[in-house]
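Hi,

Here is the structure I promised to pass on to you. Please have a look at it first, and then read my notes below.

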There are 2 protein chains.
Amino acid sequence: VDVIISTGGLGPTADDLTRQAIAAASGDVLVEDVISLEEIKAVFASRRREMPEVNRVQALRPSRALAISNPHGTAPGIHAVIGDVDVFCAPGPPGELFPMFREKISPMLRPEPGRLVRTRIIGCCGIGESEIATRLGGLMDRERNPLVGTTASGGVVTCRVRVEGVMTGQMNGLDADGMLDEAEREIRGKLGVHAFATGHNSLPRACVEELKKRGQKLSVVESCTSGMVGAAVTEVAGSSAVFVGGLLTYSNELKEKLAGVKRETLEKHGAVSAETAREMAVGGCQTLGCEWCVSVTGIAGPDGGSAAKPVGTVWIGIAGPHGVVTRRFAMSGERQPVRQWSVTAALGALWMDLHQSEVKMLREQERQKF
Amino acid sequence: VDVIISTGGLGPTADDLTRQAIAAASGDVLVEDVISLEEIKAVFASRRREMPEVNRVQALRPSRALAISNPHGTAPGIHAVIGDVDVFCAPGPPGELFPMFREKISPMLRPEPGRLVRTRIIGCCGIGESEIATRLGGLMDRERNPLVGTTASGGVVTCRVRVEGVMTGQMNGLDADGMLDEAEREIRGKLGVHAFATGHNSLPRACVEELKKRGQKLSVVESCTSGMVGAAVTEVAGSSAVFVGGLLTYSNELKEKLAGVKRETLEKHGAVSAETAREMAVGGCQTLGCEWCVSVTGIAGPDGGSAAKPVGTVWIGIAGPHGVVTRRFAMSGERQPVRQWSVTAALGALWMDLHQSEVKMLREQERQKF
C-alpha cells in the first residue's frame, strides 16, 4: 500500500500505544516535540486548567516523524514515512479526527499522476431508493461514464455521480465538470423538488437556507423525537436567523399546557394522530410566534404499540403560511432508528411543503401527460 | 483469516454488488431465496406499500449460501463459506446492521477452544482521562491481568477491564468473573460517584434509572444544544416515566417568554451567563412542573464568541430539590462537538448533583486526610 491512516491510541494513558508502535515499526525512538508540548499546554489553558503531568507523554513522537498540530484536543497526530509508505496517525475522537483529516492529512495525499476523478452528490428526500432507480433508469447502467449510484441513509437518498478517466488531450478537468453538470441536469429533471441539494449540503441546511431566503421563521413541537428535530436544525451554523425555538411536549399534560392541544382531541384521537399533530403544529406557530412549525408525534417503541397504531407509527404536521398538512408514516426498526427516520421524514415534509407550489405544478404536468 | 464481515452493497440498485461479488468469489450463481422474497414483501406491507419490482433483486443469494433474515429492512444478509472462511454480509444502515450483528452473526462466531476472555466496562463522568489514570495508578500497568484501559469519548471516560487466559484447572469462567469483580471494586473505590454505570449502560440511562428509583421528574431548557439533551434522555426506552418535556429557548425572546428569564438578567449578564442558566433551570421546574431541570446556554460557534466569552463557553444549570447549581465549561472544538460535549457535561452535572450528599461526604473525607 502507499498510505496508512490510523486513528486512536494517542491519548495520555498507558493503553495508548500508537506512538510506541510507530517508533517500533520504523526502528526509531520517541522524542519530546517542543511545539506539541506548548500546544497541549495551550489547550489546557484555554480550558482554564494546568496540564497534568500525565499528558506530557502526548508530546512524544518518533524522532524521524513529524507531529501534526491538533487545535481541538491534546493529541497531536503523527506523520511518519516507513519505507515507501506514508503513515498518518490521527486521534480517535471525531471532533479532533475530522478537522485533522480535512485540513492536514487530506491535502498531503498525492493523486496518481494523470488520473482524473471528479464526483458530485445530490441529496434527495421524500422519495425511496427504488423509486429513484426506476426514474433514473438507464442513467444508472454500470458501464456508463459518468457512473451514477445511490445510497440510502435514514430517509435521505444520495445520488453519486462519478466521472473517471485519464487526463489527455481528449479529456481534462473542465470536460469532466461539464459531464457532471450534464448528468446533474438529467437527474434533477427526473427527480424534481425531491432533489434538495447538490454537494454535501444536508437536508436541515437546505431547509434553513430556503427559509432564510424567504425571511421566514421556524419552530418545532416534538413528542417522540423530543428535541432531535430542533437539534438537527440548529446543527446548521447560522440557523438562529430562522430558528426561534421549540416545545418538547413529551407528556400529554404538556401537549395541552404548552402547545394548546385540546383535551378532547387527545381523548378522542390519542396523542399519536393526525388531529394531535395538526394542533401541535398550529399551536407551535402561535405560541412561538413564527410562520412555520414542524410537529412530530409517534410511537418509537419498544412499548406503546397496538394493532391500530403499531410501533413505528409517526404523524408529522407542517404548519405554514398555506395552512397545515399532516402525514402518517409507518416505519420499521428499533427505537432510535425510528426516531432518526422521523427527523428526516419531518424535515423532508417541511422541504416539500416549502416547495408546495412547485409540487402542485409537477402533479398538474403529470396529470396532463396521462 | 477465519471470518470476514462485510457491510453494505445489499440495496436494490445497480451499484449494490455484494451479492454478485460473493457469488463470483465462490464460483457460485445467484438464485432467488423464496423466504427472503416473502420477508421483503412483508416489510413493504408493514409500511403500507407494495414491493416495487426493483427490490426483487434483494432476495437473490449465491446458491450455496444462506440468507440472513432482516426484520428491520429490505436487505437480507448473506452467510457464505468460501474455503475455510466464514463470510457474513450485512446491510449498511446501522438500524439494520446492528440488530443483525447482535442477534444473527455474533452468536455464530466460534471462540478458539480453551481460550478465555472476559471483559467489563465502567462508565465515568465529571472526571478527565488524565485524572482517572492518576487515581488508578499501578492498576493500569500493561503487564497486569486483568488489564485496565481507558477511552475518552465526548466527555465520558470508559474504563475497560479485561481478563485473558487459557481455560485450565487453574482458571475457569468463575475465577475470571471473580477477578473482574475484584478489579471493579478497586476501581470504584478510587473513582467514587464518578463511576456512573457498569456495563454498556449510558449516562442518560443511569440518570433516568436514578430518577425512577426516587420517583422524581426531569425537564430540560436548552439554548445552544436546542433539543440534544432532551433527545439523549428520551433515547432511553421507558424514559417517559421520569421525563416530562422541555423548552428550546433558542432566541432571547423565548428565554423570557417560555422560561421566565428576566429581561434585566439578559441585558446585564447576557444569554450565556450563570444568571441566565440559573433562571432557565428554575423557570423550567416551575413551568414544566417537575423536581429537576437541566439548562444549557452557550456559544457553540463558529460565530458569536468574544474575548470574555470565547466560542466553547457553556453554562449549565441544574435545578433540583436542593436548590440550583450552575457550572461554567470552557470547551474547544467545532460547533457540533461542542454541542455534544455540552450534553454529556449537562447530564454528568445532573448525575453528580443527584449524588450531591455522597459528593459532600467524599470532599469531607478528603479534607480530613490533609
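What follows is a short tour of a sheet, two helix contacts and a pocket. Please keep in mind that this is a predicted model.

**The sheet in chain B**

Let me start with the open sheet of chain B, where four strands run in the order S8-S9-S7-S10 with antiparallel pairing. Strand S8 (147-153) and strand S10 (195-198) of chain B are the edges, each pairing on one side only. From one strand to the next, the twist averages 25°. Inside the sheet, S7 (residues 115-124) and S9 (residues 156-166) of chain B are joined in the antiparallel sense by 10 bridges. If you want a spot to zoom in on, Ile121(B) stands opposite Arg160(B) of S9(B). Helix H4 (residues 129-136) of chain B packs on this sheet and touches S7, S8 and S9 of chain B. The direction of H4 makes about 165° with that of S8(B).

**Helix H8 of chain B and its two contacts**

Next, please look at H8 (residues 252-259) of chain B, which meets a helix from chain A. The axes of H8(B) and H10 (residues 274-288) of chain A come within 11 Å and cross at roughly 105°, so these two helices are roughly perpendicular to each other. On the chain A side the contact is made by Gln286(A), Thr287(A) and Leu288(A), and on the chain B side by Leu254(B), Lys257(B) and Leu258(B). By class, that is three nonpolar, two polar and one charged residues.

H8(B) also has a contact in its own chain, with H10 (residues 274-288) of chain B. Here the axes come within 9 Å and cross at roughly 40°, which makes H8(B) oblique to H10(B). Lys255(B), Leu258(B) and Ala259(B) of H8(B) meet five residues of H10(B), namely Thr276(B), Glu279(B), Met280(B), Gly283(B) and Thr287(B). This contact has three nonpolar, three polar and two charged residues.

**The second largest pocket**

Finally, the second largest pocket holds about 520 Å³ of space. It is lined by 28 residues, and the closest to its centre are Tyr250(A), Gly298(A), Ile299(A), Asp303(A) and Ser240(B). At least two lining residues each come from H8 (252-257), S13 (292-298) and H11 (335-354) of chain A, and from S12 (243-248) of chain B. H8(A) gives the most, with three residues. By class, the lining has 10 nonpolar, 11 polar and seven charged residues.

Enjoy looking around!

Best wishes

How values were computed:
Residues numbered from 1 in each chain as written. Chains lettered and ligands numbered in written order. Predicted model: local features only at pLDDT ≥ 70, side-chain atom pairs only at ≥ 80, totals over all residues. Heavy atoms only, no water. Pairing = 2+ DSSP bridges. Axes fitted to C-alpha atoms, helices over the stretch in contact; angles between N-to-C directions. Contact = heavy atoms within 4.5 Å. Parallel < 35°, antiparallel > 145°, perpendicular 65-115°, else oblique. Nonpolar A, V, L, I, M, F, W, Y, C, P; charged D, E, K, R; others polar. 1 Å grid on protein atoms, 1.4 Å probe; cavity = no way out; pocket = protein on both sides within 12 Å on 5 of 7 lines; lining within 4 Å. Points joined across faces, edges and corners; volume = space filled by probe spheres on them.
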